[in-house]
Amino acid sequence: MRKPDGKIVLLGDMNVGKTSLLQRYMERRFPDTVSTVGGAFYLKQWRSYNISIWDTAGREQFHGLGSMYCRGAVAVILTYDVNHAQSLLELEDRFLGLTDTASADCLFAVVGNKVDLSEEAPGEGGQGGGHGPGQAGGGGCPAPRLSKQVQLEDAVAFYKKILKYKMLDEKDVPAAEQMCFETSAKTGKNVDLLFETVFDMVVPVILRQRAQGPPQTVDVASAPPPARTRSGCCS
Ligand SMILES: Nc1nc2c(ncn2[C@@H]2O[C@H](COP(=O)(O)OP(=O)(O)OP(=O)(O)O)[C@@H](O)[C@H]2O)c(=O)[nH]1
Ligand SMILES: [Mg+2]
């Protein structure tokens, strides 16, 4: 297997939809998922570059693995559930620190998933793994919509906190508006946009790292063995 030119890592609390987003993008479908154990990766050919995309487990018991997966990453996709405010807070409290091992010029994207649950018309949705209230429905009643708990401005504010944490100047990094996304792995909304924006942005980082000397690419063969690895197809 050719060594990847760069690594992108998805981080976020359990159940926010990391695996579903990756499967929607790589396999063009929204299958049932099981909570991830350890981590798993896909390989993506983007232009002439070989990029590995790592899906990590949000469950607390695997938390310690997160910083290993982030080692040398050129981008981290921090994912939350727009219908579950706590999942955004968790990114700041539990996940941001895991990115200390990422490459010095690592890019960050902030992604609010499951927008379909608070967008669907009454009677059409409310199923599919939301955290919040409003899924009981039942009895033939129209399924109530979930109320969206996190707005895009909250994600933008979090992005600015990331820059502060990393001591980065806003003018040296992509603008928050470019790097904050609202997605639905279920409908596919903004999923291609998310991944392809990130791919386009990591290419210059990869080139810069190559020009600077020893490549900071990651050899998946020497990556820590996850408790269970599922390697997907390359496309
Ligand atoms: N309605 C809706 N449900 C979603 C969406 N994304 C994921 N889900 C559901 O949410 C649940 C959790 O999705 P996963 O992709 O397994 O979540 P995860 O972040 O990988 O969770 P861990 O592996 O435990 O960290 C599943 O029931 C998914 O079907 C979405 O965009 N919309
Ligand atoms: Mg998962």
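## The sheet

In this predicted model, six strands form an open sheet in the order β2-β3-β1-β4-β5-β6, and the pairing within the sheet is mixed. Strands β2 and β6 (180-182) lie at the edges, each pairing on one side only. On average, neighbouring strands of the sheet are turned by 20° against each other, direction ignored.

Two helices that pack on the sheet may be described here. Helix α1 touches β1, β2, β3, β4 and β5 (107-113), and its direction makes about 30° with that of β2. Helix α5 (residues 152-165) touches β4, β5 and β6, with a direction at about 155° to that of β5.

## Strand β1 and its neighbours

Strand β1 (residues 6-12) pairs with a strand on either side in the sheet order, β3 and β4. With β3 (residues 49-56), β1 runs parallel and is joined by 5 bridges; within this pairing, L10 has D55 of β3 as its bridge partner. The pairing of β1 with β4 (residues 75-81) is also in the parallel sense and extends over 5 bridges. There, I8 stands opposite A75 of β4.

Strand β1 is mostly covered, as 7 of its 7 residues are buried. In a regular strand, side chains alternate between the two faces of the sheet. In β1, G6, I8, L10 and G12 point one way, while K7, V9 and L11 point the other way; all of these residues are buried.

## The magnesium site

Which residues coordinate the magnesium ion (ligand 2)? The OG1 atoms of T19 and T36 do so, at 2.0 to 2.1 Å. T19 belongs to helix α1, whereas T36 belongs to the loop between α1 and β2 (39-46), so the pair ties together parts that are 17 residues apart in sequence.

Buried residues are those under 20% relative accessible area. T19 therefore counts as buried, at 10% relative accessibility. T36 likewise counts as buried, with a relative accessibility of 11%.

## The contact of α1 with α7

Two packed helices are described by the angle between their axes and the distance between the axes. For helix α1 (residues 18-27) and helix α7 (residues 191-211), the axes come within 9 Å and cross at roughly 85°. The two helices are therefore roughly perpendicular to each other.

On the side of α1, the contact involves L21, L22, R24 and Y25; these meet V191, D192, F195, E196 and F199 in α7. The residues of this contact comprise 6 nonpolar and 3 charged, with no polar residue among them.

Methods: Residues are numbered from 1 along each chain as its sequence is written. Chains are lettered from A and ligands numbered from 1 in the order in which they are written. This is a predicted model: local features need pLDDT of at least 70, side-chain atom pairs count only at pLDDT 80 or more; totals for chains, interfaces and linings use all residues. Side-chain values use heavy atoms; hydrogens and water are left out. Axes are lines fitted to C-alpha atoms, for helices over the stretch in contact, and angles run from 0 to 180 degrees between N-to-C directions. Helices (H or I, at least four residues) and strands (E, at least two) are DSSP runs, numbered from the N terminus. Angles under 35 degrees count as roughly parallel, over 145 as roughly antiparallel, 65 to 115 as roughly perpendicular and the rest as oblique. Contact means heavy atoms within 4.5 Å. Ala, Val, Leu, Ile, Met, Phe, Trp, Tyr, Cys and Pro count as nonpolar, Asp, Glu, Lys and Arg as charged, and the others, Gly among them, as polar. Buried means under 20% relative accessible area, exposed over 50%, partly exposed in between (1.4 Å probe, protein chains only). Two strands pair if DSSP finds at least two bridges between them. Donors are N, O and S atoms within 2.8 Å of the metal (3.2 Å for Na, K and Ca); water is not among the atoms, so sites may look incomplete.
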